[in-house]
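Please look over the points below with the model at hand. They concern an enclosed space first, and a pair of helices after that.

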Amino acid sequence: MMNDRPSVSASAPPGETTLRQWLSVFAVAISAFAFVTSEFLPVGLLTEIAHDLGVTTGTAGLMVTTPGVMAAIFAPGLMIFAGRMDRRVVFLLLTAMLLVSNFVSAWSTNLPVMLLGRAMLGAALGGFWTLATAAAGRLVHTSDAPRATAVILTGVTLATVIGVPLGTFIAGFASWRMSFIVTGGLVALALAAQALLVPSLPSATALRIADFVALLRRPHMRLSMLMVALVFGAHFSTYTFIAPLLQEDFSMGAITLMLLGFGVIGFFSNALMSMVVSKRLKTSVAAMTALLLCAISAMIVLDHVRAAEVAAMLTWGVAFGALPLCFSVWIQRSTDDLPEAGSALFVSVIQVAIAVGSSVGGTIVDRAGIHADFVLGIGLALLGLVTLQRLAAMERPARIAELDCECSPSVD
């Protein structure tokens, strides 16, 4: 019997992308919004949750750390376990796990149960991002793959701009538990959208540990992952502590508006970058990393100059709004023969960069001050640019050889 649901083969769909295919991309984007909202929901609720669970605010911070660590571990692990399972089914199972994690968190009465719910979120998160970035090119025509990736990453930006503040707002007139319950309702909506709109995504081969080993043996891949780690480390080691720096010159209301501006301009930066990244990939990565470097530098060089700090925040938003898309496309191109393994490594490296960057940054802030932490961020961004230059130099001989082959006359 034929399946009524359309399937997507391992290769790109023929012809132009259809409306149904774009709707499947939007379903994944809604899921991305739900995942990121769930991941960072406790950030604005730490004090209330800590009080109710009888722990310190610092200990309650484990609710944010735990998902990141679990995602780094489970990004490759879950995909190996999934084997040849239809990726649509894996999407549905991971989103269902997210749904359960939100309700476990909402009804937790002690920290261990809360951390269990957060660990479930992290495991689902690692698998979801591995699939989402790898599947973007399978849901649409090849030429629309960067734009599909941008649409999915838009869900991340919207969660940062709308989702997390919305959770805090709900807690303000109800409770932090209601924030988790409402977020669970959002996850249920995402699950329904996936069930209705995401087509079958059969996997011809199972992901193996050997696939990861094969990728890591490639010098270009190792350098690419190092570049991603350095740039994401530069961002999270500094942005995590942006509020204390800005509090020296701005009220909390003004800081909220600046962070909102950061997210909004990042949303438009992501949308615009999707139109050019496929044709100017290295230029896009270099330009956005350079903007990140300039923004971090301006925050300490022009400290206490309010107009400069506002401009630096908006510049930072432009840079980081586009960088996840740029790096996602970079990894997709570098691992086109092993897309899921590449995507899993990409997710793991980002999660490690988030955890290590924020942890090391916090240690530096406690011992040497915020300015010293931003010097670290500047150094990491510079090293990211140096690594990109090394990657470009590595690719140049291969490109010259390719052109020579194209120009050489054929011999019958």
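1. The largest cavity (a set of points on a 1 Å grid over the protein atoms alone where a 1.4 Å probe fits but cannot get out) is lined by T133, A134, S328, I331, Q332, T335, P339, G342, S343 and F346, where lining residues have an atom within 4 Å of a point. This is a predicted model, in which local features need pLDDT of at least 70 and side-chain atom pairs count only at pLDDT 80 or more, while totals for chains, interfaces and linings use all residues. Residues are numbered from 1 along each chain as its sequence is written, and side-chain values use heavy atoms, with hydrogens and water left out.

2. The volume of the largest cavity is about 40 Å³, taken as the space filled by probe spheres set on the points, and the count comes to one cavity of 30 Å³ or more.

3. At least two lining residues come from each of α6 (111-139), α14 (306-334) and α15 (339-368), helices being DSSP runs of H or I with at least four residues; α15 gives the most, with four residues.

4. Helix α1 (residues 19-40) packs against helix α5 (residues 87-106) at an angle of about 30°, with axes 11 Å apart, the axes being lines fitted to C-alpha atoms over the stretch in contact and angles running from 0 to 180 degrees between N-to-C directions. The two helices, α1 and α5, are therefore roughly parallel (an angle under 35 degrees).

5. The contact (heavy atoms within 4.5 Å) is made by V28, A34, F35 and S38 of α1 together with F91, L94, T95, L98 and N102 of α5.

Conventions
1 Å grid on protein atoms, 1.4 Å probe; cavity = no way out; pocket = protein on both sides within 12 Å on 5 of 7 lines; lining within 4 Å. Parallel < 35°, antiparallel > 145°, perpendicular 65-115°, else oblique.
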